[in-house]
Amino acid sequence: MDGAPKPFTADDYRARMERAAATAADAGLAGVLVAPGPDLVWLTGYRPTADTERLTLLVLTPGQDPVLVVPALEAADAARAAGTPALTLRDWTDGKDPYALTAPLLEGSGRFGVSDNAWAMHLLGFQKALPGTSYVSLTEALPMLRAVKDAAELERLAAAGAAADAAYEEIQRVPFAGRRETDVAADLAGLLRRFGHSQVDFTVVGSGPNGANPHHEAGERVIEDGDMVVLDFGGLLHGYGSDTSRTVHVGEPTGEERRVHDIVREAQAAGCAAVRPGAACQDVDRAARAVIEEAGYGEYFIHRTGHGIGVTTHEPPYMIEGEERPLVPGMCFSVEPGIYLPGRFGVRIEDIVTVTDDGGRRLNTTAREMAVVG
């Protein structure tokens, strides 16, 4: 694939941290507390080398410079992160109380947004040190914090989508019949890495009746001639996610199998066509679901139509009934309707779509017609 994109700069991370603090203030929060995980990577570029019980925390409060609290033994690594010039680094040594060190940075009676993967022991430590504080998860308080991507992020997501597409084109050339699902899954993982992915998050290979389980993990089942096979795979390239699904058939499909696949393809096209600025997230779900329900398979579409994607492969926003949040240019999410017939087969077709100024653009471009494999 093409070369690596231009790295994010300290100014990029500074702007993100300022936006996070301002968004928190608008939501009535005293600040944001960010533990190691995707939010910390997105805000600072820092990914600790180890998942540790020692407190590492980014503190963002309106009107104050960002502070990253880290264990002293990891301070040198943190100092090398691209976003560190935009913040103050404060370290603590074993034997000291990290909560006492961090407490002066927080308003003692404030309500704070906390990244979802913060350790309970750290949150409880702050509650003990500052009993007047309260906390809410970032997914609940600031669900759209990372949802709208800038041009540099869209470039990375497009590259990840193109790499996943290249993997799909290649996987159609490998043998399916007579091999285990795990064999094909290993091929997929290898192809994702070959085309640039640094991390493979999932390689779903659901053959025959296993395809009726949307999150089936590739197993020891031997793929047979006549099987429908759901392929769903993705991971990270340049720090941003890919996620695509196609459904192939081993040998010639039956008329019913073709009909079900065509219904899903039509539903997926309808969902993508519903993407435009100002439309509600649920409108995408409704458009795709209506096609499947009209065809008489509504009870077999058993999951939401889509999920956001960025520095993780699943994040807000979600394309689901009841989500009235409007679509905004720069949002990226999957559109992936499916039909799952228990004990028989399943079909899913998925593209990543980004909202443009006047509609939507698919970041996956491989053929959506059913491919016949050997």
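This is a short tour of one strand with its neighbours, followed by a few salt bridges.

Before you start, note that this is a predicted model, in which local features need pLDDT of at least 70, side-chain atom pairs count only at pLDDT 80 or more, and totals for chains, interfaces and linings use all residues. Residues are numbered from 1 along each chain as its sequence is written, and side-chain values use heavy atoms, with hydrogens and water left out.

**Stop 1: strand 8**

Select residues 228-237, which make up strand 8. Helices (H or I, at least four residues) and strands (E, at least two) are DSSP runs, numbered from the N terminus. Ten of the ten residues here are buried, so strand 8 is largely enclosed by the rest of the structure. Buried means under 20% relative accessible area, exposed over 50%, and partly exposed in between (1.4 Å probe, protein chains only).

Now show the side chains. In a regular strand they alternate between the two faces of the sheet. Here M228, V230, D232, G234 and L236 point one way, while V229, L231, F233, G235 and L237 point the other.

**Stop 2: the neighbours of strand 8**

Two strands pair if DSSP finds at least two bridges between them. Add residues 199-207: this is strand 7, which runs antiparallel to strand 8 and is joined to it by eight bridges. Look for G206, opposite V230.

Next, add strand 10 (residues 244-250), which pairs with strand 8 in the antiparallel sense over six bridges. Here R246 is the bridge partner of L231.

Finally, pick strand 9 (residues 240-241), antiparallel to strand 8 with two bridges. L236 stands opposite G241. Two residues lie between the strands of this hairpin, and H238 takes a positive phi near 55 degrees.

**Stop 3: salt bridges**

A salt bridge is a side-chain nitrogen of Lys or Arg within 4 Å of a carboxyl oxygen of Asp or Glu. By this rule there are 25 salt bridges.

Select R286 and E321, whose side chains meet at 2.8 Å, N to O. R286 lies in helix 10 (residues 281-294) and E321 in the loop between strand 12 (315-319) and strand 13 (332-335), so the pair ties together parts that are 35 residues apart in sequence. R286 is partly exposed at 42% relative accessible area, and E321 is partly exposed at 46%.

Move to E170 and R173, with their closest N and O atoms 3.0 Å apart. E170 is partly exposed at 22%, whereas R173 is exposed at 64%.

For a last selection, take D39, R146, K149 and E315, which are linked in a network of salt bridges.
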